[in-house]
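Biologist: Please take a close look at the surroundings of the ligand in this model. Which residues surround the ligand, and which of them are the closest?

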Amino acid sequence: MRQIKIIMLGAPGSGKGTYSSRIAPKIGVPHIVTGDIFRAALKAGNELGKKVEGYMKAGNLVPDDITIEIVNQRLKEADAQQGFVFDGYPRTISQAEALDKMAKIDVVVNLVVPTDIIIARLSSRRTCSKCSTIFNTLFLKPKKEGVCDKCGGPLIVREDEKPDVIKHRLEVYNKQTAPLIDYYRNSGLLVDVECNDLNIPPEVMVDKIMKILQGKFG
Ligand code: ADP
């Protein structure tokens with residue numbers, strides 16, 4: 001399949017990180033995760049990390065000017081010229097408008113997932129503290145408890161995945177990010193992909209999304 005420019009849209013816990021990390025290598029494009037860029041900065045304790053720490057820990061969005069600048073820089077890199085999968089960007093209408101000026105998006109995959117599934121997933125999520133691979137104690141278990149299959153790093157519950165913060169992140173999503181569904185539907189780019197069963201394995205969803213993309217961009 002040719003390289004294309006994709007946005008994965010969906011609430012926290014909709015599976016967008018899990019699916020897009022698998023889809024990007026199949027298409028041969030980078031998987032760009034603004035959350036990972038911010039987490040790396042936080043870990044490094046650099047200037048960006050200090051700026052974003054408070055917002056992230058509280059489950060609030062990092063201000064648009066900071067986020068847009070990060071993405072602008074990332075899109076200048078050589079590997080992002082022909083295509084990418086965006087995961088966690090854009091998250092506001094201003095970010096989407098800024099992105100329209102930076103790149104011509106081919107498709108927006110909107111993951112439609114019921115709230116009860118989202119909450120069950122988020123509260124069972126474990127993330128590798130080294131390489132950020134996501135596991136799940138319900139259906140995407142690591143081979144060895146608490147250890148990353150990919151790199152052997154320790155698996156942790158992210159600070160923003162404690163129950164109160166999860167609830168707040170969902171509110172932030174509904175208020176600030178959900179309007180992007182109409183924004184992209186109006187521009188004709190949106191494809192809805194439903195997932196209403198907690199037990200559907202990630203690979204099945206990935207196949208479903210890949211078939212849709214192949215049908216459009218073969
Ligand atoms: P999730 O999709 O599970 O909510 P992410 O890893 O995408 O988590 O993001 C974690 C945090 O990083 C967000 O809660 C927010 O504070 C910050 N962040 C990531 N992407 C953006 C963005 N596009 N705009 C503003 N803040 C962002």
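Modeller: A residue is counted as near the ligand if one of its heavy atoms lies within 4 Å of it. In this predicted model, 19 residues surround the ligand on that criterion, and the closest are Lys-16, Thr-34, Arg-39, Asn-60 and Arg-169. Helix H2, which covers residues 34–44, gives the most to this shell, with four residues. By residue class, the shell around the ligand divides into seven charged, six polar and six nonpolar residues.

Several contacts can be described at the level of atoms. Arg-169, already named among the closest residues, places a polar side-chain atom 2.7 Å from an oxygen atom of the ligand, and Arg-91 likewise has a polar side-chain atom 2.9 Å from a ligand oxygen atom. Val-62, by contrast, approaches through its backbone, with an N or O atom lying 3.0 Å from a nitrogen atom of the ligand. Taken alone the ligand exposes 550 Å², and the protein buries 97% of that area. As for the space that holds it, the ligand sits in the largest pocket.

A search of the whole structure also finds one cavity of 30 Å³ or more, with a volume of about 150 Å³. This cavity is lined by 16 residues, with Gly-15, Thr-18, Arg-121, Asn-136 and Phe-139 nearest its centre. Helix H1 gives the most to that lining, with four residues, while helix H6 and strand S6 each supply at least two. The lining comprises eight nonpolar, five polar and three charged residues.

Notes: Residues numbered from 1 in each chain as written. Predicted model: local features only at pLDDT ≥ 70, side-chain atom pairs only at ≥ 80, totals over all residues. Heavy atoms only, no water. 1 Å grid on protein atoms, 1.4 Å probe; cavity = no way out; pocket = protein on both sides within 12 Å on 5 of 7 lines; lining within 4 Å. Points joined across faces, edges and corners; volume = space filled by probe spheres on them. Nonpolar A, V, L, I, M, F, W, Y, C, P; charged D, E, K, R; others polar. Polar contact = N/O pair within 3.5 Å; in protein donor to acceptor, adjacent residues only side chain to side chain. Areas by Shrake-Rupley, 256 points an atom, 1.4 Å probe, with all protein chains shown as cover. Sits in = over half its atoms within 2 Å of the grid points.
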